[in-house]
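Colleague: I'm new to this one and keep tripping over the words people use for it. Could we go through them together?

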There are 2 protein chains.
Amino acid sequence: MAMIDYQKEADILKALANPIRLKIVDTIRKGDICVKSLEEITGASQSCVSQHLSVLRNIGMVNSYRDGNLVCYSLNHRLTDKILNCIHEEYDHSTLKTEE
Amino acid sequence: MAMIDYQKEADILKALANPIRLKIVDTIRKGDICVKSLEEITGASQSCVSQHLSVLRNIGMVNSYRDGNLVCYSLNHRLTDKILNCIHEEYDHSTLKTEE
DNA sequence: TAAACATATTAGAAAATTCGAATATGCTAA
DNA sequence: TTAGCATATTCGAATTTTCTAATATGTTTA
């Protein structure tokens with residue numbers, strides 16, 4: 001069996017482990033969308049959204065393409081989609097404590 | 001449909017988004033295990049392992065119980081198991097970039 | 001070409017994470 | 001009780017993350 005690369009897996013999880021990036025990815029996977037729209041949906045600033053997109057782009061979770069004046073983003077990887085499904089699905093049954 | 005709590009989901013992912021914690025959790029889910037063993041398996045210091053276990057305990061991912069001189073840990077939540085299955089399974093097919 | 005718009009990048013401050021060192025706590029055995 | 005082992009907690013330094021402000025880049029339209 002292959003050696004598990006925990007660093008690599010942690011990097012992938014880290015890219016998702018931020019509420020704004022999570023919302024961005026969750027939005028993108030419903031359909032390609034431009035940065036401007038992501039700003040409105042997340043309520044975060046232009047720079048902030050752009051930097052989060054940069055993180056997601058760098059790890060290969062999303063792809064971007066230009067559409068005239070706009071830059072649109074699409075979900076690049078199945079794993080991201082699987083993790084989101086998994087965590088959303090579980091959500092209601094979760095007993096994990098996230099606040100004290 | 002229920003409003004998605006991205007902060008909560010990010011907290012859960014953040015607890016997993018560290019190579020040592022990931023290895024700890026991945027080890028625990030194969031069977032209950034004491035801290036000393038986790039130190040050996042991860043190669044991290046006593047304090048380091050204990051602090052990571054604290055993070056996992058605080059969010060409710062693991063439980064601990066005393067066994068004489070030792071403290072043993074067990075996996076507490078199904079979601080953690082699901083996410084690990086998901087990411088390990090995908091691993092070989094992954095095209096995500098995690099280094100530059 | 002100039003102005004306007006959309007996005008990316010850079011810089012720097014604040015906050016959070018991580019880890020080793022030191023110390024505290026709890027159990028067991030002598 | 002005392003010593004010894006196992007674990008937890010605290011502290012502080014180094015690193016990383018996150019965000020705003022400012023600036024740069026690329027596209028479109030007048």
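**Two copies and two DNA strands**

Modeller: Sure. This is a predicted model, and a good place to begin is how the copies relate: chain B is superposed on chain A by a rotation of 180 degrees with 0.0 Å of shift along the axis, and the RMSD is 0.0 Å. The two copies are therefore related as by a two-fold rotation axis.

Colleague: How do you know that the same surface serves both copies?

Modeller: From the contact residues: 100% of those in chain B recur in chain A. The contact takes 35 residues from chain A and 35 residues from chain B. On the chain B side, helix 1 (6–16), helix 2 (19–28) and helix 5 (78–91) each supply at least two residues. Helix 1 of chain B gives the largest share there, ten residues. Sorted by class, that side of chain B has 17 nonpolar, eight polar and ten charged residues.

Colleague: And the DNA? Which residues are the closest to DNA strand C?

Modeller: They are C34(A), V35(A), K36(A), S47(A) and S47(B), out of 25 residues that surround the strand. A residue counts as near a strand if its C-beta atom lies within 6 Å of it. The elements giving two or more residues to this surface are helix 3 (35–42), helix 4 (46–58) and strand 3 (70–75) of chain A, along with helix 4 (46–58) of chain B. Helix 4 of chain A has the largest share, six residues. By class, the surface near DNA strand C holds eight nonpolar, 14 polar and three charged residues.

Colleague: What makes up the surroundings of DNA strand D?

Modeller: Here 23 residues surround the strand, and the closest are S47(A), C34(B), V35(B), K36(B) and S47(B). Two or more residues each come from helix 4 of chain A and from helix 3 (35–42), helix 4 and strand 3 (70–75) of chain B. The largest share, six residues, belongs to helix 4 of chain B. The classes are seven nonpolar, 13 polar and three charged.

**Inside chain A**

Colleague: Let's step back to the fold. In what order do the elements of chain A run?

Modeller: Starting at the N terminus, the order is α-α-β-α-α-β-β-α. That is five helices and three strands. Of the 100 residues of chain A, 30% count as buried.

Colleague: How do you know that the span of helix 4 of chain A is close to the expected one?

Modeller: Set one value against the other: helix 4 of chain A has 13 residues and reaches 18 Å from its first C-alpha to its last, and 18 Å is what you'd expect at 1.5 Å a residue.

Colleague: Why are the buried residues of helix 4 of chain A said to be on the same side?

Modeller: The buried ones are V49(A), H52(A), L53(A) and L56(A). They cover an arc of only 100 degrees around the axis, so they sit on the same side of helix 4 of chain A. As a rule, an α-helix has 3.6 residues a turn, so residues three or four places apart point the same way. The buried residues of helix 4 of chain A pack against helix 1 (6–16), helix 2 (19–28), helix 3, strand 2 (62–67) and strand 3 of chain A. On the face turned away from that buried side you find the exposed residues S47(A) and S54(A). Just after helix 4 of chain A, G60(A) takes a positive phi of about 85 degrees.

**Buried or not, in chain B**

Colleague: Why is I28(B) called buried?

Modeller: The cut-off is 20 or more other C-beta atoms within 10 Å. I28(B) has 23, so it is buried. You'll find I28(B) in helix 2 of chain B. Leaving aside neighbours within four places in sequence, I28(B) is in contact with I33(B), V62(B), Y73(B), S74(B) and L75(B).

Colleague: Then why is V35(B) called partly exposed?

Modeller: Exposed takes 12 or fewer neighbours and buried takes 20 or more, with partly exposed in between. V35(B) has 16 C-beta neighbours inside 10 Å, so it counts as partly exposed. V35(B) is part of helix 3 of chain B. Beyond its neighbours within four places in sequence, V35(B) is in contact with V49(B), S50(B), L53(B) and V71(B). Take V49(B): V35(B) and V49(B) are 14 residues apart in sequence, yet 7.4 Å apart in space, C-alpha to C-alpha.

Conventions: Residues numbered from 1 in each chain as written. Chains lettered and ligands numbered in written order. Predicted model: local features only at pLDDT ≥ 70, side-chain atom pairs only at ≥ 80, totals over all residues. Helix = DSSP H or I, 4+ residues; strand = E, 2+ residues; numbered from the N terminus. Nonpolar A, V, L, I, M, F, W, Y, C, P; charged D, E, K, R; others polar. Contact = placed C-beta atoms within 7 Å. Least-squares fit on C-alpha atoms with pLDDT ≥ 70 in both. Expected span 1.5 Å × (residues − 1). Arc of directions from axis to C-beta.
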